[in-house]
Amino acid sequence: MKPLNNPMWNIGPNAQPWFQQYDPFSQKHAVALFKAHGCTGGPSKPSASNTAVWTCNGQKAEFRFNTTAGNQRRQTSAAIFTQQLMAVGIKIDVGFQPANPTYFGQTLPSHNFDLGEFAWIGGPDPSGFDAIYQCINTAKGLGGSNYKQYCNKTVDALIRKGDSDLNPTTRTAAYQQAAKIISHDIGIIPLYASPSILVYKSAIKGMQNSNNPTLEGPTWNIENWSWG
């Protein structure tokens, strides 16, 4: 799966899609990593019928995976994750929960999960994603959506710099540095954006670049459009 063109990772004409470093998908490489780190009990090679699970330093490679019930997309992705991970010796226990009040009201805010899938709604500007990556500081109202409890002080400093900088070049550079660190730390893995259909006249120049993976709508960069 190709990385999501998310504005936290990709902003400006010279943006770098940092998550592409993890392409291509390779189950053989996953098994090799377990073996290289001295893990035991897993499969000798990837197999769709595998039932063996790795143990690394006494810790079994088994995780809770929670997501919302009644969402066909997430039911499908949970089935894909279960099959693909079990094939390389990683077991996930899927739990579908009511969105409210259980999943978003209890599970995520209390950080009571190992892995989870859910969506964030932001805008084209990267500052809308601050609350996902900031170190949690309740007193200052920071990190309100950081259910993962991810914390990197350097990322926080770069986010603050990007938020306060009015120079497009240095602002973009600050967010890109933050994105590079986040993609290395893997506090989150961006998966996909729901398809968005945009119909427009070819005479409107610039509109072909107006779609984005948020709910801001296609007019977010209307100042760059021209006619003819």
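Here are some short exercises on a predicted model, each with a worked solution.

**Exercise 1. Take stock of the chain**

Task: State how many helices and strands the protein chain has, and give the pattern they follow along the sequence.

Solution:
- Step 1. Count the elements. The protein chain has six helices and seven strands.
- Step 2. Read along the sequence. The pattern is α-β-β-β-α-β-α-β-α-α-α-β-β.
- Step 3. Add the burial. Of the 228 residues in the protein chain, 34% are buried.
- Step 4. Turn to the surface. The accessible surface comes to about 13600 Å². Carbon and sulfur atoms hold 56% of that surface.
- Step 5. Look at the contacts. Take those with a separation of 6 or more: 56% of them link residues 24 or more positions apart.

**Exercise 2. Build the sheet**

Task: Work out the order of the three strands in the open sheet, and name its edge strands.

Solution:
- Step 1. Start with β3 and β4. These strands pair in the parallel sense over seven bridges.
- Step 2. Find residue partners for this pair. T67 has F96 in β4 as its bridge partner. E62 has K91 in β4.
- Step 3. Move to β3 and β5. Strand β3 covers residues 62-68, and its parallel pairing with β5 has two bridges.
- Step 4. Find residue partners again. F65 stands opposite L115 in β5. N66 has G116 in β5 as its bridge partner.
- Step 5. Put the strands in order. The open sheet reads β4-β3-β5, with parallel pairing.
- Step 6. Name the edges. They are β4 (91-97) and β5 (115-116), and each pairs on one side only.

**Exercise 3. Place the helices**

Task: Say which strands α2 touches and which strands α3 lies across, and give the handedness of the crossover from β3 to β4.

Solution:
- Step 1. Take helix α2, residues 72-86. This helix packs on the sheet and touches β3 and β4.
- Step 2. Compare directions. The direction of α2 makes about 165° with that of β4.
- Step 3. Follow the chain. The path leaves β3, passes through α2 and reaches β4. This β-α-β crossover is right-handed.
- Step 4. Take helix α3, residues 99-107. This helix lies across β3, β4 and β5. It runs at about 130° to β3.

**Exercise 4. Trace the disulfides**

Task: Find the disulfides, and describe where each bonded cysteine lies.

Solution:
- Step 1. Recall the chemistry. A disulfide is a covalent bond between the sulfur atoms of two cysteines.
- Step 2. Count them. The structure holds two disulfides.
- Step 3. Take the link of C39 and C56. The S to S distance is 2.0 Å. The torsion about the S-S bond is about 115°, so this disulfide is right-handed.
- Step 4. Locate both ends. C39 sits in the loop between α1 (27-36) and β1 (55-56), while C56 is in strand β1. The pair therefore ties together parts that are 17 residues apart in sequence.
- Step 5. Take the link of C135 and C151. Here the S to S distance is 2.0 Å. With 95° about the S-S bond, the link is right-handed.
- Step 6. Locate these ends. C135 and C151 both lie in the loop between α4 (130-133) and α5 (153-164), so the pair ties together parts that are 16 residues apart in sequence.
- Step 7. Write the pairing. With the bonded cysteines numbered in sequence order, it is 1-2, 3-4.

**Exercise 5. Buried or partly exposed?**

Task: Sort C39, C56, C135, C151 and W54 by burial.

Solution:
- Step 1. Recall the cut-offs. Buried means under 20% relative accessible area, exposed means over 50%, and partly exposed lies in between.
- Step 2. Test C39. Its relative accessible area is 10%, so C39 is buried.
- Step 3. Test C56. Its relative accessibility is 21%, so C56 counts as partly exposed.
- Step 4. Test C135. At 6%, C135 counts as buried.
- Step 5. Test C151. At 45%, C151 is partly exposed.
- Step 6. Test W54, in the loop between α1 and β1. At 3% relative accessibility, W54 counts as buried.
- Step 7. Place W54 relative to M86. The two are 32 residues apart in sequence. Their C-alpha atoms are 10.0 Å apart in space.

Notes
Residues are numbered from 1 along each chain as its sequence is written. This is a predicted model: local features need pLDDT of at least 70, side-chain atom pairs count only at pLDDT 80 or more; totals for chains, interfaces and linings use all residues. Side-chain values use heavy atoms; hydrogens and water are left out. Two strands pair if DSSP finds at least two bridges between them. Helices (H or I, at least four residues) and strands (E, at least two) are DSSP runs, numbered from the N terminus. Contact means heavy atoms within 4.5 Å. Axes are lines fitted to C-alpha atoms, for helices over the stretch in contact, and angles run from 0 to 180 degrees between N-to-C directions. A disulfide is a pair of cysteine sulfur atoms within 2.5 Å. Buried means under 20% relative accessible area, exposed over 50%, partly exposed in between (1.4 Å probe, protein chains only). Accessible areas come from the Shrake-Rupley method with a 1.4 Å probe; for residues, only the protein chains shown count as cover. A crossover is right-handed if, with the strands pointing away from the viewer, the path from the first strand over the helix to the second runs clockwise.
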